[in-house]
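Trainee: Could we go through this structure together, with the reasoning spelled out at each step?

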Amino acid sequence: MANVGNQLPTQAVSKPAPGKHGNVLPLWGNEKTMNLNPMILTNVLSSPYFKVQLYELKTYHEVVDEIYFKVTHAEPWEKGSRKTAGQTGMCGGVRGVGTGGIVSTAFCLLYKLFTLKLTRKQLMGLITHTDSPYIRALGFMYIRYTQPPADLVDWYDGFLDDEEELDVKAGGGCVMTVGEMLRSFLTKLEWFSTLFPRIPVPVQKNIDTQMKARPRKVPQKEVQEEETEVVEAGRQGEQQQQQQRSSRTPRRTPSPRRSPKRSRSRSHHREKERHGPSFDRELERERDRQKKERDVRVGDRDRGDREKRRSRSADRNQDRRERRRSCSGSRDRRNERRDKERDGGEDKSRRKDREHHKDRGAEMERSKDKKSRGETDDRKHKDGRERHREVRKAKRQSRSRSREKKHKSGGEEKSRKRERSHSRERDRERDGEQRSHKGSGSKERSHHQRESSNDHSKHSERRRSQSTE
């Protein structure tokens, strides 16, 4: 487990003012995406490493230990996971958009730190950590993504000359110090295949002026390397001087001690004094030979130039003849083409006239046919209208006749109904009268029967009384 407590003293670092909120860090920009590139954010959220392994990490110390063991670079994508060859403009890895790849563990852990909502003390612990430079790099990157642009210089001020080295490229090959990395964070918008949040223009101008006023300090290693290079260059120069002194053969190149501004007349007089008049004769002979050789060379050059000129002139004449022939041939061809075109144009005009006359005749015939068709159509329409009117009249007459018939039949039926009702009433009256007559007769009959029965009963009683007596 990485030693989280082993950190640099925070008093030497120019810590920014805590502000009103004290230990609470302000968040600048989008509070959900951490101002990350949408493609990187979607790959982070969909990666199994973030969803499974980092989901189990719940504390700040566990995430720091994971950074210590897993992070090996600060690039957003793993090596060879994105194919951006041949892509230009806004494609691929040019501007941080396009097809994604395998997102790096560094950016997964960076977003995990964002989900933990770090405090000011925890962030200072990240940027002053001593176990791994990548822990510090993620802390500085967290500041670049989440803190207000006006506070970036205050955060990075104490680390701009930090000489701790780290390899920020996936697969290696881009070693830089922490100070150089922070200067690139402040002055450049791009970081490999992604973009940092944009800094407002006045804030960026202020940052640039501060960076110019504070030049980068040369690290001690570079100073030592330069000193060793100077010492080696001095040794090599001494060795060359010794070799020149020891060698007997004179060299044309001047020695390092002799200044090139000196005139050659002094050396020439010295050589004359050493060698005498014989040396002068030899020099004159050599000069004559050189002049003769030069003259011969000049003559050969002149001859060669003349021959070249002659050959060029002959070639030019031949070219001119060929051009004339070709021009004459081309002219003849052009004239023939013109004649053919004229003849063809006349034939074409005649054909066009014939076709035009034919088209006119056809159009006239079509117009006549259209007129005749229109007349026939008008006649048909008129006949149809007349027929329709006649049909309507016939229908109306039939309807009136049917109505009259219905009316007549209705009157007859009504009269019949009235007669029937009258006959029925008469029959009813007759039946009532008959019933009344029948009732009176029955009453009389019943009265006679009753009287007869009474008389009979009286006679019977009289007979019974007489019989008893």
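Mentor: What follows is a set of questions and answers on a predicted model.

Trainee: Is Met 34 buried or exposed?

Mentor: Met 34 is found in the segment before helix H1, which covers 38-46, and its phi is near 60°, a positive value in a residue other than glycine. Buried means a relative accessible area under 20%. Because the relative accessibility of Met 34 is 1%, this residue counts as buried.

Trainee: Is Lys 117 buried, exposed or partly exposed?

Mentor: Lys 117 also has a positive phi, about 55°, although it is not a glycine, and it lies in the loop between helix H4 (105-116) and helix H5 (120-127). Exposed means over 50% and buried under 20%, with partly exposed in between. Since the relative accessible area of Lys 117 is 45%, the residue is partly exposed.

Trainee: Which helix gives the largest share of the largest nonpolar core?

Mentor: The largest nonpolar core has 59 residues, and those with the most contacts inside it include Phe 140, Tyr 156 and Leu 182. Leaving aside its neighbours within four places in sequence, Leu 182 is in contact with Phe 140, Tyr 156, Phe 159 and Leu 160. The largest share of this core, nine residues, comes from residues 133-146, that is, helix H6.

Trainee: How many residues in the lining of the largest cavity are charged?

Mentor: The structure holds one cavity of 30 Å³ or more, and the lining of the largest cavity includes Trp 28, Glu 31, Met 34 and Phe 114. Four of the lining residues are nonpolar and four are polar, while the number of charged residues is one.

Definitions and conventions:
Residues are numbered from 1 along each chain as its sequence is written. This is a predicted model: local features need pLDDT of at least 70, side-chain atom pairs count only at pLDDT 80 or more; totals for chains, interfaces and linings use all residues. Side-chain values use heavy atoms; hydrogens and water are left out. Helices (H or I, at least four residues) and strands (E, at least two) are DSSP runs, numbered from the N terminus. Buried means under 20% relative accessible area, exposed over 50%, partly exposed in between (1.4 Å probe, protein chains only). A nonpolar core is a set of buried Ala, Val, Leu, Ile, Met, Phe, Trp, Tyr and Cys residues joined through side-chain atoms within 4.5 Å. Contact means heavy atoms within 4.5 Å. On a 1 Å grid over the protein atoms alone, a cavity is a set of points where a 1.4 Å probe fits but cannot get out, and a pocket is an open set with protein on both sides within 12 Å along at least five of seven lines; lining residues have an atom within 4 Å of a point. Grid points are joined across faces, edges and corners, and a volume is the space filled by probe spheres set on the points. Ala, Val, Leu, Ile, Met, Phe, Trp, Tyr, Cys and Pro count as nonpolar, Asp, Glu, Lys and Arg as charged, and the others, Gly among them, as polar.
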